[in-house]
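Please open the model in the viewer and display side chains as sticks. The tour below proceeds from one selection to the next.

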Amino acid sequence: MFSSAGHALWMAFLMFWEILWALTLGFLLSAIVQAVVSKSEMSRLLPDDSPKTIAKACGLGAASSSCSYAAVALARSIFRKGANFTASMVFELASTNLVAELAIIMVVLLGWQFAVAEFVGAPVMVVILVALFRLFLKPAMVDNARAQAERGLHGKMEGHAEMDMAVTEGPILKRILSDKGKTSISHYFVMDWLSVWKDVAGGLLIAGALAVFVPTEFWRSFFLSSHPEFAKFWGPIVGPFIAIISFVCSVGNVPLAAVLWNSGISFGGVIAFIFADLIVLPVLDIYRKYYGLKMSAFLLATFYSSMALAALGIEFIFQLAGVVPPERKARTVEASLSLNYTTVLNIVFLVIAGLLVRRFFRTGGSEMLKMM
């Protein structure tokens, strides 16, 4: 038992080593974008649920943090400031499904096909969600949600979500290279890392444990691998359910998705699982605090439906296009640590991260930590 537990921990560490440079690069790119895109104007830009506004919500979300909790907190914040509720929820979805760090880590662990599927599927999911909201979301429900939101109950990451250090004057490159821009980038970089490290660690530990303790035969039976046609429909249905009970969100669910793919879940099931980071149990409880129990249940039902339907559509589209990987060889771990391109990239990005962390603490970072 202890030997197996040690093996699971070692596998979790090897997975972390495999994705370290990708995570660091992703958070660096995200920090740069956040440093030049102001959050203060978001409420004004999202007044309704028109196609133009929904497109803006997707773009603003993609420029935001990938932390699920911060995305949920910021969505409430802009809703309280007057943004349309549907647009706020679309912003929230885009904040965790259309960000650079997610794409990079998916390419590293799962392959480019999954990253493309995620970025094609996310807008499809948004379209379905908006349609469901227009059909079933009543004005009285939104009024009640707004009244609950105005109570200002704490969920998680409110301080990080409200953080706005964007540099908005001058050309973009000049903003990035300015002293203020570099400071802003360092603060967003460190705060984003701090906001998701528990999810990343949790995802790695769960993935390592599943790889060691759960027989592949169990997963293949559970995912109906011996019935390929049924599995295509079953995967998108069960994928979000596994996400809900795993408690892992943000980019932390990608290592677990890699294990599930190797274990037999369908292509669409992987996408649905990754989509579902915004309906895990802790986040559902935050919805209850933010908007009330009825709206929390409504968000669970509509999010789940849109995620499953979008993933199912992606399954068939990618099957017809012939780009679904024929083999289940997601890259979860190396056999051992060795001096290869992964190690070199990790060293390079650890140095970059070290410089950003040093600037963070030299420019008031300790005070920023109190906002977490």
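Select Asp285, which is partly exposed at 31% relative accessibility (buried is under 20% relative accessible area, exposed over 50%, partly exposed in between; 1.4 Å probe, protein chains only). The model is predicted, with local features requiring pLDDT of at least 70 and side-chain atom pairs pLDDT 80 or more, while totals for chains, interfaces and linings use all residues. Residues are numbered from 1 along each chain as its sequence is written, and side-chain values use heavy atoms, without hydrogens and water.

Add Arg288, partly exposed at 37%. Its side chain meets that of Asp285 in a salt bridge, 2.8 Å from N to O (a side-chain nitrogen of Lys or Arg within 4 Å of a carboxyl oxygen of Asp or Glu). Both residues lie in helix H16 (residues 281-291), three residues apart, about one turn of the helix; helices are DSSP runs of H or I with at least four residues, numbered from the N terminus.

By this rule, the count is five salt bridges. Next, select Arg134 and Asp49, whose closest N and O atoms are 3.3 Å apart in another salt bridge. This pair links distant parts of the chain, 85 residues apart: Arg134 belongs to helix H7 (residues 112-136), and Asp49 to the loop between helix H2 (42-45) and helix H3 (51-62). Asp49 is partly exposed at 24%.

Finally, select Arg359 and Asp179, a salt bridge with closest N and O atoms 3.9 Å apart. Here helix H18 (residues 341-362) supplies Arg359 and helix H11 (residues 179-213) supplies Asp179, 180 residues apart. Arg359 is partly exposed at 27%, whereas Asp179 is exposed at 56%.

Technical notes. Helix = DSSP H or I, 4+ residues; strand = E, 2+ residues; numbered from the N terminus.
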